[in-house]
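Reader: Could you walk me through this model, one question at a time? I would like to know the criteria behind each term as we go.

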Amino acid sequence: MIFTVAAKELKSLFASPLAWVVLAFFQLILAWIFLSRLDAFLAIQSQLVALANPPGATEIVVAPVFAIGSIVLVMAVPLLAMRLVAEERRNQTMTFLLSAPISMADVVVGKFLGLLVFLLIPVLLIGVMGAALAVGGRLDWGLVLSNLIGLALLAAALAAIGLYTSCLTAHPVVAAVAALAISLALWMVNLATSDPGSAVSLVSLLKHFEPFTKGVVDTASLAYFALLIGLFLLLAIRRLDADRLRG
Amino acid sequence: MSEPAPPLTLDARALSRSFAGRSAVRDVELKVSRGEVLGFLGPNGAGKTTTMQMLTGNLSPGSGSISICGVDLLERPVEAKRHVGYLPETPPLYKELRVDEYLALAARLHRVAKKSVPGAVTAAKERCGLGTVGRQLIGTLSKGYQQRVGIAQAIVHEPDLIILDEPTVGLDPNQIREIRALIRELGKGRSVILSTHILPEVESVCDRVHIMHEGTLVYSGTIDGLRALRGGRALQVGLREPPPLAELAAVPGVGNAEAAGAYLFRVEPNDGADPGEEIVRRSVEKGWRLFQIGPAQASLEEIFAHLTQREEDNAEASK
């Protein structure tokens, strides 16, 4: 049942022009960054040879593209997630799902997976752009892979946040603004402190995303993302159940 | 299936619900058996939609119990909902999907086995007259067709209990006739609950009727009972130069006559008698100047007034 809901959500996303526009701009921005990094790399390549242990194309070109990709995701996911529930509320189609013999968890997780599959498309496209460099040189595949995992987890976390805020209101734009606020706050909450061990750093998205960009797949970070996603999905389920009680 | 007592498809007891302290539905009892079409009648804001939302699991009842085909909706919602098809007031249509896609989705969500889905979709489309629009986007369909898609999604999984909230609103007379015929047909093997504020609709399709007013059931009974409430076989007679009431009451076959307006009279015939012809004859003979004669049927508003008045009287009496 979860996959039926997810497939429907994916179909609806592709039916909306907003999703295509966001995808297109996402790709445009990243391709631009990719090209400019590649230019820079080609310019300094001759000097790099002189170094004892020079950084390769992966560090100089691919990793920064993923880093920019993460920032673009923080901006784009709230826009893609905003209509998940809010629009169903506004069009009064939520009854369709609520009357069906499926649980609220099926609905929420299905919608989450639908959006996640959609978000994996641009994430994988970044990977493909990076992998294209393998044609003309050697790549650090481990670093590419850890970046991919990091970006996919970030996309999932942002999708969960967006899904939750979408459950709070019948106005997609309000949902988008709320999701952006929460995402940005979590993203850079660690700026408030210089102490890396403080509690504020513990909840920071950026702090837990960083290891992946350096090629480290940290179990603590994996746990952090799993908890964050679980928390917001649970909140979304509770919120929709409360609707039924409050009416 | 045993003939004498068809099994109950819905058994709701003591349903109550309030919104922010304001009571919307109070102590509603509903029992529907297989093969029955139940009309749910009431003015806007009577609590019909709230009751239907509770029956379909869209809203939790404040108190009371709901059992669908013997399964408790509150304790085992997923299992109970399999037996229900629901068309809310606004059809819950995904305008970006095609009719076929949407109905297939409805079938899948209602646990129709994957390989039976195409068959179920075709059957539902046929029943609702959607044969030719399967490939169209729902958003491009006319209101009448959208309403039909709404009904189709409620019946695609062959539920035992079909709940339709104002299914004929916004349709033209032809479409209304078609939908009513469809509802009658659906009622044959299963149960249908139909809410409406149109009295003739209830009379034309329902076996039983519940009338709701301000959150409570004020009348539950058969269609014949409702007809009796509407005035039964009474006649409304309009006379420009009326005789004294006694003279009208003296017409053979007339049991009782009373004034219903300046020139209007309500005439109750004796059992088995039909005084209409005699009234016309005497009117011509004695110059009463008859200008109107017909069945005296109360409008819905009058029935509501009558029923609620009775409620208040009962309340007074019990004080």
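Reader: Which residue just after α10(A) takes a positive phi?

Author: Happy to start there, with the ground rules for this predicted model: local features need pLDDT of at least 70, side-chain atom pairs count only at pLDDT 80 or more, and totals for chains, interfaces and linings use all residues. Residues are numbered from 1 along each chain as its sequence is written, while chains are lettered from A and ligands numbered from 1 in the order in which they are written. Helices (H or I, at least four residues) and strands (E, at least two) are DSSP runs, numbered from the N terminus. With a phi of about 90 degrees just after α10(A), the residue you want is Gly215(A).

Reader: Why are the buried residues of α10(A) on the same side?

Author: A residue is buried if 20 or more other C-beta atoms lie within 10 Å of its own, exposed if 12 or fewer, and partly exposed in between, with C-beta atoms placed from the backbone. In α10 of chain A, residues 205–213, the buried ones are Leu205(A), His208(A), Phe209(A) and Phe212(A). They share a side of α10(A) because the arc they cover around the axis, taken from the directions from the helix axis to the C-beta atoms, is only 100 degrees.

Reader: What covers those buried residues of α10(A)?

Author: Contact here means that the C-beta atoms of two residues, placed from the backbone, lie within 7 Å. The cover includes these elements of chain A: α3 (57–81), α7 (141–168), α8 (172–188) and α11 (219–246).

Reader: Is Leu80(A) buried or exposed?

Author: Leu80(A) sits in helix α3 of chain A. Leaving out residues up to four places away in sequence, Leu80(A) touches Ala19(A), Val22(A), Leu115(A) and Phe118(A). Because Leu80(A) has 25 C-beta neighbours inside 10 Å, it counts as buried.

Reader: Which element gives the largest share of the side of chain A that touches chain B?

Author: Nice one to finish chain A. In this interface, 19 residues of chain A are in contact with 23 residues of chain B. Elements giving two or more residues to the chain A side are α1 (2–15), α5 (94–99) and α11. The largest share, five residues, comes from α1(A).

Reader: And what percentage of the residues in chain B is buried?

Author: Chain B has eleven helices and 14 strands, and its C-alpha trace spans about 75 × 50 × 45 Å along its principal axes. Out of 319 residues in chain B, the buried share is 40%.
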